[in-house]
Amino acid sequence: MLKLGDLSARQLTSRLADDGLYLETGRFVTRIQSSIPSVAHGLGLLYGDYPLQQAAQFADFHLRLARPANGRRWFRPQVVLFQDGNSRFRPLPLAHAFPMFEWGLNWCISSRAHDYLMLHAAVVEKDGRAAILPAPPGSGKSTLCAALVHNGWRLLSDELTLVRPQDGHVLPLPRPISLKNGSIALMRDFLSDPVFSPAVIDTHKGTVAHLKAPTDSVLRHAETALPAWIIFPRYEAGADAVLTAVGKASAHVRVAKNAFNYSLLGGRGFDTLADLIDRCDSHEFRYSRLDDALATFERLRPGQP
Amino acid sequence: MTTTTAPPLLLAVLRQPRRMAACTLADWDLLLRQAISAQLLATLRDLADAAGVLGQLPSQPRAHLDWAHLQSERHRQAVRWEVRQIRAALAGLDLPLILLKGAAYAIADLPPARGRLFSDIDVMVPKPRLPEVEAALMLHGWAGIGHDTYDQRYYRNWMHELPPLQHIRRLTVIDVHHAILPETAAARPDPLRLRRAAVAIPGQAGLQMLAPVDLVLHSATHLFYDGELAHGLRDLVDIHRLLSHYGDAAGFWSQLTARAAELELERPLYYALRYAARLLHTTVPADTSAVLADTGPPAPLLRLMDALFLRALLPDHASCADRWSGGARYLLYLRANWLRMPLPLLARHLFHKAFISPRHAPAEQV
């Protein structure tokens, strides 16, 4: 099977600018077109392990990043995201083109794929059991996720946890991990040889860089996992790593608040989430030092903290 | 566009839903995108289901159809809930509450409701009762949204509805109509006749909808007189499905043409049947076409209308457009405004909208 990394930089650039790439991420195929160099660069850096469909006939999503046809060729140039020819989002500065692709693909999935209960949460797996990390932005979810998946845990997803209503399994969607502001330097120091997309400053989330997903996680994208823990991380400067149990009802409400389509799924959404909460131990997790956090996760056992 | 080119895939499938079973993955890639742009994705699934081919579709496009289906089911549930809230808000007024368009289809469970998404709930009440209705809705949490003084006057003096009201907590929007065309339009079908003929919605105490022939005429008027072409094909599919649903009832077609004459709505009906037959192969009895033959425009104008509508009613998608499509939609927008109000008023309205009204809100953040 052809992978994106098999293309030379030249082939990648020319195919992106021409007919586009049919990129497989988990169960979704995205056709992506762009002649913007930073998009080709970002894809080449972070998506080398992902399969490309040859002679593809079908894509779930059709994304194109292009510079708008206005007077801003040189003065504060911009980028527009087109979804099948329509631009529903505000143009961004040209330098934000690669993160815009990431955000646009997240939006495509989270606004459509309603055969799953979709949570705004990171999810990692070890020995067949998954830990879900729902959290509002700024709680250190992605930082913790990045540390875990380079220390024995498999990345299922950093942004979108897809829970299958039929059996409660989580479907992997391994994609680059979005890190912000201070976390970027922290992870550069913490990990050996991390691969990052170039940091982009002044986005609506501050400075953003994407960290390459571990190759093993990408290759195992078809292996689902049953969740065993729901961990609400909370970074607090100087705090010791402490797990505190969260009651089922409270966990249900907190996870529902972080779901994209809980109310759209109606009764099915409630049942799926109730099953998930029943199946998992839920904890609040306060931490400051990543090594302590990793040690705490190491001690997690299904059915007990 | 000439009649010899193949029709867009979406039209071919709307005419013969069984053809979905023979679509390749490449066909589906295009068909889904055309259907999304026409807001007909969930409708496609319903048609595939009704034609018995849903189980034969490849898994990738099937997933997209199922996603849209879930959304439309949730939407119908929300519409039922919202209509209950409106009925409760107006319960004390002893008022016949007539649901229009999408809300009527959804509550009466008519075929166009299946797979249809719409944003506003439309209701019709007698004009003298508007102040009470508006007050009751405001007491129950609906409030006017973002309309300046000019918009207020535009709606209240000239239009056939109140300025849209939005619920402050649920953010749902209700349009309260007292007629189906503006006060300023050349044709003004008598609302009293429409209300008198309205029928109870089975199993829904206190709720009514327009009589079947009036449902068709209202839908035709909305599309071919009122100029709501943003979802032109979807609205034409509504008409197609209403006609297929009611068309077999004895006397339906003769009632339809007689009622169109009575309400001065023969021209919109003429266009509706013409373009439904052309684009969707809707079955229209020969004697109905014969009765309406004289109600169309003169031949040169008809050729122009064909050129415009046969473009503007296609899905608003790059694969269905030629270089005249944008112009056709724009000319029909002007035509609709022209029909809504006399020229001096129209000139004033367009001037105000172009130079004085505040700009629309910017697009979303990705």
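# Close-up views of a two-chain predicted model

**View 1. Chain B meets chain A.** In this predicted model, 20 residues of chain B are in contact with 21 residues of chain A. Two elements of chain B give two or more residues each to the side that touches chain A: α2 (25–37) and α4 (59–89). The largest share comes from α4(B), with 8 residues. By class, this side of chain B has 10 nonpolar residues, 5 polar residues and 5 charged residues. The predictor gives the complex an ipTM of 0.91 and a pTM of 0.90. For chain B, the mean pLDDT is 90. In that chain, 96% of the residues reach 70 or more.

**View 2. A sheet of 3 strands in chain A.** The order is β11-β13-β12, the sheet is open, and the pairing is antiparallel. The edges belong to β11 (177–180) and β12 (200–203) of chain A. Each has a single partner strand, so one side of each is left without a neighbour in the sheet. From one strand to the next, the twist averages 40°.

**View 3. Strand pairs inside the chain A sheet.** Start with β11(A) and β13(A): 4 bridges join these antiparallel strands. A:S178 has A:H210 in β13(A) as its bridge partner. Now turn to the other pair. β12(A) and β13(A), the latter covering residues 206–211, are antiparallel too, and they pair over 2 bridges. Here A:V200 stands opposite A:V208 of β13(A). The two strands form a hairpin, with 2 residues between them. In a regular strand, side chains alternate between the two faces of the sheet.

**View 4. A helix across the chain A sheet.** Helix α4 of chain A spans residues 141–149. This helix lies across β11 and β13 of chain A. Relative to β11(A), α4(A) runs at about 125°.

**View 5. A sheet of 7 strands in chain B.** This sheet is also open, but its pairing is mixed. The strand order is β3-β4-β5-β2-β1-β7-β6. At the edges are β3 (142–144) and β6 (199–200) of chain B, and each pairs on one side only. β6(B) pairs with β7(B), residues 207–209, in the antiparallel sense. That pairing has 2 bridges. B:A200 stands opposite B:Q208 in β7(B).

**View 6. A helix packed on the chain B sheet.** α4(B) packs on this sheet and touches four strands of chain B: β1 (97–100), β2 (120–124), β5 (173–177) and β7. The direction of α4(B) makes about 40° with that of β2(B). View 1 showed another role for this helix: α4(B) gives 8 residues to the side of chain B that touches chain A.

**View 7. A mostly covered helix in chain B.** Helix α3(B) spans residues 41–50, and 8 of its 10 residues are buried. The buried residues are B:L41, B:A42, B:T43, B:L44, B:R45, B:D46, B:L47 and B:A48. What covers them includes α1 (9–15), α2, α4 and α10 (232–246) of chain B. Just after α3(B), B:G52 takes a positive phi of about 75°. Two of the covering helices, α2 and α4, also give residues to the side of chain B that touches chain A.

**View 8. Two helices that cross in chain B.** Two packed helices are described by the angle between their axes and the distance between the axes. Here α14(B), residues 299–312, packs against α15(B), residues 325–340, at an angle of about 110°. Their axes are 8 Å apart. Angles of 65 to 115 degrees count as roughly perpendicular, and α14(B) and α15(B) are therefore roughly perpendicular to each other. On the α14(B) side, the contact is made by B:A307, B:L308, B:R311 and B:A312. On the α15(B) side, the residues are B:S325, B:A328, B:R329, B:L331 and B:L332. By class, this contact has 6 nonpolar, 1 polar and 2 charged residues.

**View 9. A closer look at B:L332.** This residue sits in helix α15 of chain B. Is B:L332 buried or exposed? A residue is buried if 20 or more other C-beta atoms lie within 10 Å of its own. B:L332 has 20 other C-beta atoms within 10 Å, so B:L332 is buried. B:L332 and B:R303 are 29 residues apart in sequence. In space, they are 14 Å apart, C-alpha to C-alpha.

Definitions and conventions: Residues numbered from 1 in each chain as written. Chains lettered and ligands numbered in written order. Predicted model: local features only at pLDDT ≥ 70, side-chain atom pairs only at ≥ 80, totals over all residues. Contact = placed C-beta atoms within 7 Å. Nonpolar A, V, L, I, M, F, W, Y, C, P; charged D, E, K, R; others polar. Pairing = 2+ DSSP bridges. Axes fitted to C-alpha atoms, helices over the stretch in contact; angles between N-to-C directions. pLDDT = per-residue confidence, 0-100. Buried ≥ 20, exposed ≤ 12 C-beta atoms within 10 Å, placed from the backbone. Parallel < 35°, antiparallel > 145°, perpendicular 65-115°, else oblique.
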